[in-house]
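User: I have a model open and would like to understand the labels attached to it. Could you take me through the reasoning behind them?

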Amino acid sequence: MRMRKDNVFGLTGAVALAAMMLAAAPALAQQQSPALDELVSAGTLPPVAERLPVNPLVVDGPSVGTYGGTWRMGMNGGGDNGMIVKTVAYEGLLRYDHEWKGVLPNLAERWESNADATEYTFKLRDGVKWSDGTPFTTEDIAFTVEIYNDPDYPANSWIDNKNNPATLTVIDDTSFKFTFAKPNGMFLETLASTDGLHITSLQKKYCSQFHPTYNENAEAEAKAAGFDSWALYLQDRCAWGWETIRFSNPDLPVLYPWVIDQPLSANAARVTWKRNPYYFKTDSAGNQLPYIDNLDMRVSQGGVEELTLAALNGEIDFQERHIATNVNKPLFFDGQEAGGYHLGEVIPSASNTLVLQLNLNHLDPVKNALYNSKDFRVGLSHAIDRQEIIDVVFTGQGEPFQVAPRPESQFYDEELAKQYTQFDPDLAAQHFEAAGLVERNGDGIYLMSDGNPAKITVDVISALRPEWIDMLEIMQLQLGAAGIELELNNIDRTLFYEKRPAGEFDAQIWAGDGGIEALQEPRYYFPFSDESVWAYRWAQWFNGTRPEIAVEPADWAKEQMDLYNQVRAEADPEKRADLFRQVLAITKEQFPVVGVSLMPNSYSIVRNNLKNVPDSMFNAWLFPTPAPMDPVTWYFE
Amino acid sequence: MATETMHLDVTHPVAIKRPARESQFGLMWRRFKRHKLAVVSLWIAALFYAVALFAEFLAPVDPSAYSARYTYAPPQGLHFVAVNEDGGWEFGPYVYGYKTEIDPVALRRTFVIDEEVRLPVRFFAESKPYNLFGFIPLTTKFIGVENPRDPFYILGADRLGRDMLSRLIHGTRISLSIGLAGVTLSLFFGIVIGGFAGYYGGWFDSATMRVVEFIRSMPTIPLWLGLAAAMPKDWSALQTYFAITLILSLIGWTELARVVRGRFLSLRTEDFVTAAQLDGASDWRIITRHMVPSFMSHIIAAATLAIPGMILAETALSFLGLGLQAPIVSWGTLLQDAQNIRTLASAPWLLAPGVCVVVIILAMNFFGDGLRDAADPHGR
Amino acid sequence: MLGFIIRRLIAMLLTLVAVSIVAFAIIQLPPGDYLTSYIAQLSSTGDQVDPRVIENLRVQYGLGEPFYIQYWKWITGIVQGNFGQSFEWKRPVWELIWGRLGNSIMVEGLAVIVMWVIAVPIGIYVAVRKYSLGDYLATVAGFIGLAVPNFFFALILMYLAYIWFGTTMGGLFSPQFETARWSLPRIWDFLAHAWAPVLVLATAGTAELIRILRANLLDELQKPYVTTARAKGLPEWKVILKYPVRLALNPLISTIGWLLPALVSGSVIVSVVMNLPTAGPMLLRSLTTQDMYLAGAIILLLSVLTVIGTVISDILLALIDPRIRYGSK
Amino acid sequence: MPLIPMDAKPILTIKDMSIVFSSPDEADIEAVRQVDLTLSPGKTLALVGESGCGKSVTARSVLRLLDRNARIQRGSMLFAPGDEPPTDIAKLKADSLPLRAIRGREISMIFQEPMTSLSPVHTIGDQIDEMLILHERLKPKQARERTVALFDQVGIPGARERADSYPFQLSGGLRQRAMIAMALACAPKVLIADEPTTALDVTTQAQILDLLRQLQADFGMAMLFITHDLGVVAEIADEVAVMYLGDVVEQGSVFDVFAAPSHPYTQALMSSIPKMARKADRVRLSPIKGTVPAPRDRPEGCAFTSRCPHAFEPCATVRPERTALGNGHHARCHLLTRQPAEVVA
């Protein structure tokens with residue numbers, strides 16, 4: 001493959017390009033990849049004009065590309081659906097712009113909403129087709145909403161959110177309306193994010209055949225196919241949004257730029273994709289996107305070392321996921337010339353490398369009182385020598401930082417980000433005293449009001465981020481010197497989650513999500529979701545999800561919740577931002593969680609012959625890099 | 001005529017046997033000493049165990065003491081002879097200093113050993129107070145730099161600037177004690193179960209042997225994986241440590257049980273056992289006083305040969321992330337840290353635990369082999 | 001002979017039943033079930049899971065029933081050829097694992113062959129030339145092979161291949177042969193990829209085999225029948241190959257049985273490091289996600305393979321050793 | 001040159017042979033020192049002695065079957081079949097073609113324990129056929145015919161079926177018969193029997209001795225018969241050589257030696273044989289006092305010194321000469337050459 005490509009572009013590339021330009025120039029006729037020419041001339045595929053929508057979405061890279069090539073990357077283990085979401089599956093109704101500031105049309109051509117953000121009307125692009133050639137219409141949207149609301153279909157999303165259910169009204173083939181019970185001011189951002197992918201993930205024509213409502217033989221057919229029930233068969237054939245097994249079914253029609261060639265399976269050594277001839281985007285010269293014909297994802301069996309070597313060896317064209325670790329950077333830096341790649345910049349969305357979340361809803365009254373004392377948390381913060389951790393663990397990358405919006409965010413507040421970050425043991429001691437810690441035991445550890453030493457057991461999943469253990473080991477020594485004992489409890493992910501509702505954990509560690517998408521992910525700024533581990537029971541009160549353990553929050557938190565409900569109801573972005581700044585002001589005043597340092601920038605591996613790749617990009621789950629950076633416009637030179 | 005034959009052989013009175021134990025061990029030791037390699041291996045193994053025992057004293061610094069300035073610092077080595085400015089010789093241990101630069105783009109520190117700077121090293125250097133074995137307060141370490149602020153990384157530093165030598169020494173304690181504890185447990189199960197099976201025979205023997213065969217036919221790693229995954233996840237590091245030991249010995253006892261059973265089976269019919277039985281000695285007494293001593297040497301050899309397997313198993317389990325985990329320092333966890341390409345490419349000294357594993361396993365194998373040969377020059 | 005085989009097969013069946021119970025018990029041991037880890041996974045991406053949905057899934061998957069009922073359902077299914085569904089992949093387990101198991105068997109089988117091919121001549125040589133330089137060299141090399149942890153060896157091999165040859169080792173096939181049918185070029189491609197893992201897997205076992213063969217052969221070489229053979233006037237090589245080697249190989253054949261479990265274990269780690277699509281990494285993942293029918297099937301089948309290996313080696317042993325065949329001591 | 005006047009020309013003459021065992025960390029041990037033996041066709045020489053006296057080592061050295069750590073330090077073993085010039089077996093290389101041509105074909109050997117001396121995993125027939133194929137270049141079928149005939153000759157019933165049996169399927173007596181058949185397969189000129197009857201019960205023992213005698217008459221081979229059983233010696237041997245700790249202390253015709261044992265060790269041996277007598281007349285057997293010393297503790301002089309009732313001053317330090325006592329009867333004892341000044345009890 002590579003050999004042939006080199007030849008093509010080495011010798012005949014210029015000719016081919018010239019020919020293409022000539023052909024494109026006179027009529028601006030739509031062009032397709034030469035890979036499809038044969039199929040079209042054989043009549044198995046309609047001409048490109050018939051495949052494209054009436055009004056294709058025009059996306060331009062910095063330069064007009066040439067067709068062909070295979071984008072090679074690597075997945076870590078068979079369950080790495082995230083890799084696919086971030087490269088192939090990001091096709092929702094809307095999409096983010098490159099700066100992650102606003103939303104752009106995607107499958108929906110235009111939209112409007114009412115003033116109190118409860119009604120959203122969308123107009124789909126006319127003539128968009130699924131990868132099997134079937135038109136994409138409101139019927140598919142309606143079917144998806146119906147299936148998602150079926151309890152036998154285990155998908156969860158905003159579509160069937162109990163707190164704020166959405167009602168669909170179909171207007172015509174391409175127009176529909178969502179009506180929410182409560183205001184949903186951030187619905188457009190949701191649709192542009194990864195969560196927006198749910199609504200465009202199922203085709204009625206294909207998926208309805210597995211549901212007994214549409215096919216009375218569904219149960220029998222499921223049994224014949226070796227499944228115990230129609231529900232399992234449906235889940236297998238038409239998995240939700242981005243579930244792993246969704247990419248195991250090559251028959252499932254999709255709207256993605258590439259369609260499955262070799263599917264993801266438990267046995268796959270690689271997952272490959274070929275271009276979707278019905279993809280709905282073109283460049284302004286009328287060339288149907290994507291430029292790159294094929295994707296090739298090698299599947300490593302649970303170790304990233306093989307991927308690292310492959311990248312060093314120039315066998316990876318673009319990748320950030322898995323391999324771009326702190327530790328590997330010097331290696332990749334040195335290997336640039338030999339591997340024929342360069343390093344791109346990746347700005348993480350997370351604000352903080354490590355968030356120490358004390359359990360403010362602790363069931364033990366003594367600890368509950370201590371952890372709820374702001375002085376105690378401030379004292380902890382002052383007892384941490386952040387610069388030392390940055391130097392040791394991150395080779396000087398990053399700066400002392402609290403859990404706060406990143407400098408790139410519109411909500412950046414230097415005071416919020418920097419308060420209590422100076423290392424000052426004396427100040428820490430003063431605050432501890434103010435929090436009621438005076439007596440110390442023989443080891444120099446403060447005694448709590450019940451006479452027990454002030455020991456915080458910190459739950460951490462080292463498998464997720466190895467540097468957490470490194471940082472915590474340093475913090476353990478630093479806090480130990482300040483009179484607080486830190487015990488590391490390195491546990492499994494399942495248990496990590498199971499401990500939360502029980503309410504007896506002391507503290508848990510996670511990264512500082514919501515550094516850029518603060519508005520959508522305010523888990524550390526107020527008790528927002530189950531991920532607000534520091535106030536898990538308050539969050540239950542806010543969401544009403546587990547009333548049996550919900551606890552009425554402190555007044556300041558209730559005020560924040562109130563404000564955030566106003567944010568949700570507000571359709572005007574400016575007003576929303578103002579309201580959210582009030583939430584953050586209370587966060588600054590209350591200082592609920594302790595951060596360590598600003599998450600340093602990461603990097604990506606970009607092959608030198610891969611063009612149109614932006615130098616810098618954000619990275620988040622909701623902003624699934626690099627998909628929002630339009631890899632459909634990338635091409636090989 | 002033939003009926004009159006008299007065999008000459010039986011006329012010699014048999015020398016009175018000295019107590020079986022002593023003579024056997026004396027003989028064994030003499031034969032053992034003939035295996036030069038085994039003797040050397042014994043010394044190496046003894047050295048390792050001594051290191052494990054006196055870890056706190058021998059490790060120059062605390063294994064968790066980090067230093068931002070010396071992340072991935074290469075080994076300084078330890079030097080004894082120096083040429084001073086006048087061209088004269090100077091003796092006395094010292095290490096070289098480092099010249100460091102930070103490369104913010106490549107995100108690393110580069111170190112050059114600075115041969116201009118000689119940092120004197122002292123044996124029995126003064127240190128911060130610590131407790132040997134957890135209860136003997138000491139303020140002296142075996143070795144240390146004269147000025148505690150100077151870098152001292154004989155074997156280099158890891159990604160946090162922690163002293164590899166100290167970590168290795170403390171890791172030795174965990175890894176070797178797991179091997180020893182695991183074998184002790186296996187030995188206990190093996191002798192009791194294998195002994196009863198071999199002594200009583202019959203259905204108990206066949207049942208035991210079926211169980212042993214069955215356990216041995218289970219692939220060990222899946223078994224370990226399953227058991228390790230089944231361990232309560234909220235156990236502390238120490239509990240995990242004991243659980244791992246137990247898991248290792250749960251499988252390890254089978255081999256020893258087989259050896260013990262085989263010995264028992266053949267000993268059961270020996271005259272001295274019959275004699276003891278006729279004397280009315282209890283089974284327990286016969287087993288513990290007569291039979292076990294008579295093949296103790298074999299057991300010791302078999303047990304010695306089982307230790308390397310345990311050590312390897314610990315490293316393998318820890319490597320897969322199912323055994324011990326940081327912050328516990330064992331060879332396995334150290335190797336888990338080192339198992340990336342970066343280490344191989346730019347910090348190969350982090351593979352030192354791997355070298356230790358190889359050396360101790362070689363030593364234990366040679367030692368065990370020598371013991372086995374000595375215990376039974378012809379058999380296996 | 002037939003009686004022997006039948007007795008052995010009955011014993012095998014009993015062992016298999018026991019193996020299946022243990023395999024099922026192991027996958028049941030960890031607290032929680034697939035759904036708890038599934039919920040944990042969903043929660044970490046910020047999703048909230050409707051308890052109603054979880055309840056439905058629990059019923060669909062047959063979780064939450066007592067152990068013996070789950071086991072009974074599982075084992076009766078297996079007897080009928082149904083290994084159950086993988087929770088994670090929503091596919092019949094058998095469909096997922098047969099390819100993986102095939103790869104495992106190929107790699108491990110190849111390792112067994114390599115081990116024998118290397119170990120037998122060396123073992124004979126070192127026993128015959130006891131305490132020679134070659135003996136010491138082979139012993140030391142063997143012990144080093146035994147002492148270097150598999151994963152360590154694999155990692156170093158991969159890195160050296162990259163440094164020296166600029167190739168990334170890993171996988172069992174080149175992309176173009178990944179899904180191709182078996183053909184001569186594909187076999188060649190497989191061998192070109194498999195040599196490294198096979199080498200890594202075979203080192204420890206080879207060392208072990210050499211040791212066993214050496215010890216056995218040393219025993220046999222002292223037996224009087226060797227002297228008898230020499231006294232017949234046979235050339236030395238024939239004396240050794242026909243008599244003591246033949247007898248020393250017997251116990252070695254019985255080691256196939258327990259070499260297999262060791263190989264299976266070793267291949268899990270080697271596969272993870274060298275990225276081999278064998279059953280090992282799949283087992284590892286299914287254990288962590290608590291995809292219990294998948295994990296159970298893999299553990300069961302690997303154990304079954306081992307048990308069958310043991311039985312085969314027993315029968316083989318009986319075939320070549322008349323003492324066992326005719327029930328003599 | 002025959003030392004004992006014989007009717008026939010000797011076929012194997014062992015002269016002044018010493019065999020030394022070396023071990024890496026101990027001093028060399030001379031297990032057999034300066035042995036002279038002569039074998040003649042149709043005659044049987046019995047080599048008698050206690051375990052470890054070197055009789056087996058001597059026997060094995062004839063076929064050069066000693067372990068790698070043993071070497072023939074001095075002396076010669078002249079093998080002279082027919083009129084060809086004699087071959088010195090002591091000079092042949094251990095695995096050389098000339099030696100292999102002698103082994104099994106010219107000189108063959110029967111071992112003590114037929115169970116372990118036969119391979120347990122090959123049929124008996126196969127193990128005998130092999131020799132015929134090797135030395136006589138027979139086809140496998142022909143070889144089997146010969147084997148069956150040999151089995152008949154050595155009195156194995158159902159010879160054809162037995163040839164397909166494994167050793168463990170036969171009784172001890174049959175196994176030894178098979179062993180004998182194997183040794184005689186190529187009609188050797190010398191047969192070395194290394195305690196062939198020791199492992200057998202008394203009746204079988206007698207049958208085997210009869211068989212050997214019968215076969216010797218049929219084949220006319222010379223026989224070197226190793227035993228520790230004086231009764232067996234009297235029954236089968238023409239000549240006898242008594243060994244003690246590596247030395248042949250006395251040798252001569254069975255008649256001479258039994259009638260007039262000249263070495264104190266031989267005398268002691270003789271007196272340890274029970275005599276047929278009525279119960280009241282029986283005397284206590286007098287066992288030899290003391291134990292055989294380890295080879296490394298053997299004195300410079302006569303090996304028997306430590307147990308000899310007549311030991312005197314030169315015994316411990318000076319090795320007694322081989323003294324001719326007439327009619328080929330020799331002994332090594334100082335008593336034969338000098339008179340003790342004072343008997344050291």
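Analyst: Happy to; below we go through burial, helix packing, sheets, backbone angles and chain contacts in turn. Please keep in mind that this is a predicted model.

User: Let's begin with burial. Why does Trp100(A) count as buried?

Analyst: The cut-off for buried is 20 or more other C-beta atoms within 10 Å. Trp100(A) has 24 C-beta neighbours inside 10 Å, so Trp100(A) counts as buried. You will find Trp100(A) in the loop between strand S3 (94–96) and strand S4 (103–105) of chain A.

User: And why is Asp16(D) called exposed?

Analyst: A residue is exposed if 12 or fewer other C-beta atoms lie within 10 Å. Asp16(D) has 12 of them, so Asp16(D) is exposed. Asp16(D) sits in strand S1 (residues 12–23) of chain D.

User: What is the phi of Trp100(A), and what is the phi of Asp16(D)?

Analyst: Trp100(A) has a phi near 60°, a positive value in a residue other than glycine. Asp16(D) is not a glycine either, and its phi is positive at about 55°.

User: Now the helices. Why is H1(C) called oblique to H4(C)?

Analyst: Two packed helices are described by the angle between their axes and the distance between the axes. Here helix H1 (residues 2–28) and helix H4 (residues 67–79) of chain C have axes that come within 11 Å and cross at roughly 125°. Perpendicular covers 65 to 115 degrees, and roughly antiparallel needs over 145. The angle of roughly 125° falls in neither range, so H1(C) is oblique to H4(C). The crossing of these two helices is right-handed.

User: Which residues make that contact, and how many of them are nonpolar?

Analyst: H1(C) contributes Ser20(C), Ile21(C), Phe24(C) and Gln28(C), while H4(C) contributes Phe67(C), Tyr71(C), Trp74(C) and Ile75(C). By class, the contact has 6 nonpolar and 2 polar residues, with no charged ones.

User: On to sheets. What makes S2(A) and S9(A) edge strands?

Analyst: They belong to an open sheet of 4 strands in chain A, in the order S2-S12-S10-S9, with mixed pairing. Strand S2 (70–76) and strand S9 (258–262) each have a single partner strand, so one side of each is left without a neighbour in the sheet. From one strand to the next, the twist averages 25°.

User: How do you know that S9(A) pairs with S10(A)?

Analyst: Pairing needs at least two bridges between the strands. S9(A) and strand S10 (residues 270–275) of chain A are joined by 4 bridges and run antiparallel, so they count as paired. One of the residue pairings is Trp258(A) with Arg275(A) in S10(A).

User: Which strands stand at the edges of the sheet S13-S20-S14-S22 in chain A?

Analyst: That sheet is open, with 4 strands and mixed pairing. Strand S13 (318–319) and strand S22 (616–619) stand at the edges; each has a single partner strand, so one side of each lacks a neighbour in the sheet. Elsewhere in this sheet, 6 bridges join strand S14 (residues 341–348) to strand S20 (residues 602–607) of chain A, which run antiparallel. Leu343(A) stands opposite Ile605(A) in S20(A).

User: What makes S1(B) hardly covered?

Analyst: The count of buried residues among the 5 residues of strand S1 (residues 79–83) of chain B is 0. For chain B overall, 47% of the 380 residues are buried. S1(B) is joined by 4 bridges to strand S2 (residues 89–103) of chain B, and the two run antiparallel. They form a hairpin with 5 residues between them, and Gly87(B) in the turn has a positive phi of about 85°. Val83(B) has Trp89(B) as its bridge partner in S2(B).

User: Which peptide bonds before Pro290(A) and Pro626(A) are cis, and where are these prolines?

Analyst: The bond from Leu289(A) to Pro290(A) is cis, with omega near -5°; Pro290(A) is in the loop between strand S11 (281–282) and strand S12 (294–300) of chain A. The bond from Thr625(A) to Pro626(A) is cis too, with omega near 0°. Pro626(A) lies in the loop between S22 and strand S23 (635–636) of chain A.

User: Finally, which chains share the most contacts, and how far apart are chains A and D?

Analyst: Chains A and C share the most contacts of the 5 pairs of chains in contact. No contact joins chain A and chain D, whose closest C-alpha atoms lie 47 Å apart.

Note on methods. Residues numbered from 1 in each chain as written. Chains lettered and ligands numbered in written order. Predicted model: local features only at pLDDT ≥ 70, side-chain atom pairs only at ≥ 80, totals over all residues. Axes fitted to C-alpha atoms, helices over the stretch in contact; angles between N-to-C directions. Parallel < 35°, antiparallel > 145°, perpendicular 65-115°, else oblique. Left-handed = near helix turned anticlockwise from the far one by under 90°. Contact = placed C-beta atoms within 7 Å. Nonpolar A, V, L, I, M, F, W, Y, C, P; charged D, E, K, R; others polar.
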